[in-house]
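Let's take a walk through this protein, looking at where its charges sit and how they pair up. Have a look at the sequence and the model first.

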Amino acid sequence: MKKAIIIGASSGIGRELAKILSQNQYIVGVMARRIQLLDELRNEVEGTLFVQKIDVADVESAIDTLEIFIKEMGGADLIVISAGTGEINNNLSWHRECETIKTNVSGFAALVNVAMRHFMEKGSGHLVGISSIAALRGGRESPAYNASKAFDSNYLEGLQQKVRKSGLPITITDIKPGFVNTAMAKGDGIFWAAEPEKAARQIFRTIKRRKRHAYITRRWVLIAWLIKLLPGFIYERL
């Protein structure tokens, strides 16, 4: 059986994806800060589920925790990094900006590094990073969030180039969700918000096809195209 690790599986997309993978004959390891929610998840799935607490923002500890967890599971074929944070921060509170950067930039890159070293030693694997439609341009309501997701997306693209040059059968997938109906979907005017179950099903199909990139849900392809084409003076007024 294939083995998968999902980081950020206590709620939302990560939690639903863990259920889907378990239903599809994966041995699944789930990681998050809120360990009690992971224990509840273990009671909801029929397959084997390993549980481990991790704080992505505590970078050095998170690196050690993921390395040990991979060994405890006997390796991993698929690692999904779904952990992330973001707050509307119109007052530019540095505490909020800093927490976003620590989690979405430093924590993300550190865990990607652990996953990639494992796959390179193993000679194969599939890394999935959850970035965001917000990666495409800056955003005034949460500047650090948009910028951090742009970092994530570009980091994954760099790794795609790296594995292509190496010739190793490692797949890197960048998932860019639009609005998903989770606790992070905040603010006014939220539209096209998909349920986490639907988003997770589409992500699973993307994983099976070993695609390098996907917008979730698929209709966000149109929005992404418009966002990228809009002149700055128009985009800034939206």
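Is Lys-149 buried or exposed?

## A lysine under cover

This is a predicted model, and in it Lys-149 is buried, with a relative accessible area of just 5%. The label fits because anything under 20% counts as buried. You'll find Lys-149 in helix α5, which covers residues 143-166.

So what does Lys-149 touch, once you skip its neighbours within four places in sequence? Its contacts are Asn-104, Ile-130, Ser-131, Ser-132 and Ala-135.

## Salt bridges that link distant parts

Now for the charged pairs. The model has 9 salt bridges. One of them joins Glu-44 to Lys-19, where the closest N and O atoms are 3.1 Å apart. Glu-44 sits in the loop between α2 (35-42) and β3 (49-53), while Lys-19 belongs to helix α1, so this pair ties together parts that are 25 residues apart in sequence. Glu-44 itself is partly exposed, at 44% relative accessibility.

Another bridge brings together the side chains of Asp-77 and Lys-122, at 3.0 Å from N to O. Here Asp-77 comes from the loop between α3 and β4 (78-81) and Lys-122 from helix α4 (residues 94-122), so the parts being tied together are 45 residues apart in sequence. Both ends are partly exposed: Asp-77 has a relative accessible area of 25%, and Lys-122 comes in at 38%.

## A pair within one helix

Some bridging happens inside a single helix, too. Glu-99 and Lys-102 meet through their side chains in a salt bridge of 3.1 Å, N to O. Both of these residues are in helix α4, 3 residues apart, or about one turn of the helix. Glu-99 is partly exposed at 28% relative accessibility, and Lys-102 is partly exposed as well, with a relative accessible area of 32%.

## A shared network

Which residues are joined into one network by salt bridges that share partners? They are Arg-15, Glu-16, Lys-19 and Glu-44. We've already met two of the members, Glu-44 and Lys-19, as a bridged pair.

Glu-16 deserves a look of its own. It is found in helix α1, residues 12-23. Glu-16 counts as buried because its relative accessible area is 14%, and the cut-off for buried is under 20%. Leaving out neighbours within four places in sequence, Glu-16 is in contact with Pro-196, Glu-197 and Ala-200.

## Patches on the surface

Which residues form a negative patch on the surface? That one is made by Asp-55, Asp-58, Glu-60 and Asp-64. Asp-64 has its place in helix α3, residues 59-72, and is partly exposed, with a relative accessible area of 44%.

There is a nonpolar surface patch as well, formed by Leu-222, Trp-225, Leu-226 and Leu-229. Together these four have about 430 Å² of accessible area. Leu-222 lies in helix α7, which runs over residues 220-229. How open is Leu-222? It is partly exposed, with a relative accessible area of 47%, and that label applies because exposed would take over 50%.

Terms used: Residues are numbered from 1 along each chain as its sequence is written. This is a predicted model: local features need pLDDT of at least 70, side-chain atom pairs count only at pLDDT 80 or more; totals for chains, interfaces and linings use all residues. Side-chain values use heavy atoms; hydrogens and water are left out. Patches are made of residues with over 30% relative accessible area and no salt bridge: like charges are joined within 9 Å, nonpolar side chains (Val, Leu, Ile, Met, Phe, Trp, Tyr) within 5 Å. Accessible areas come from the Shrake-Rupley method with a 1.4 Å probe; for residues, only the protein chains shown count as cover. Lys and Arg count as positive and Asp and Glu as negative; His and the chain ends are not counted. The place of a charge is taken as NZ of Lys, CZ of Arg, CG of Asp or CD of Glu. Helices (H or I, at least four residues) and strands (E, at least two) are DSSP runs, numbered from the N terminus. Buried means under 20% relative accessible area, exposed over 50%, partly exposed in between (1.4 Å probe, protein chains only). Contact means heavy atoms within 4.5 Å.
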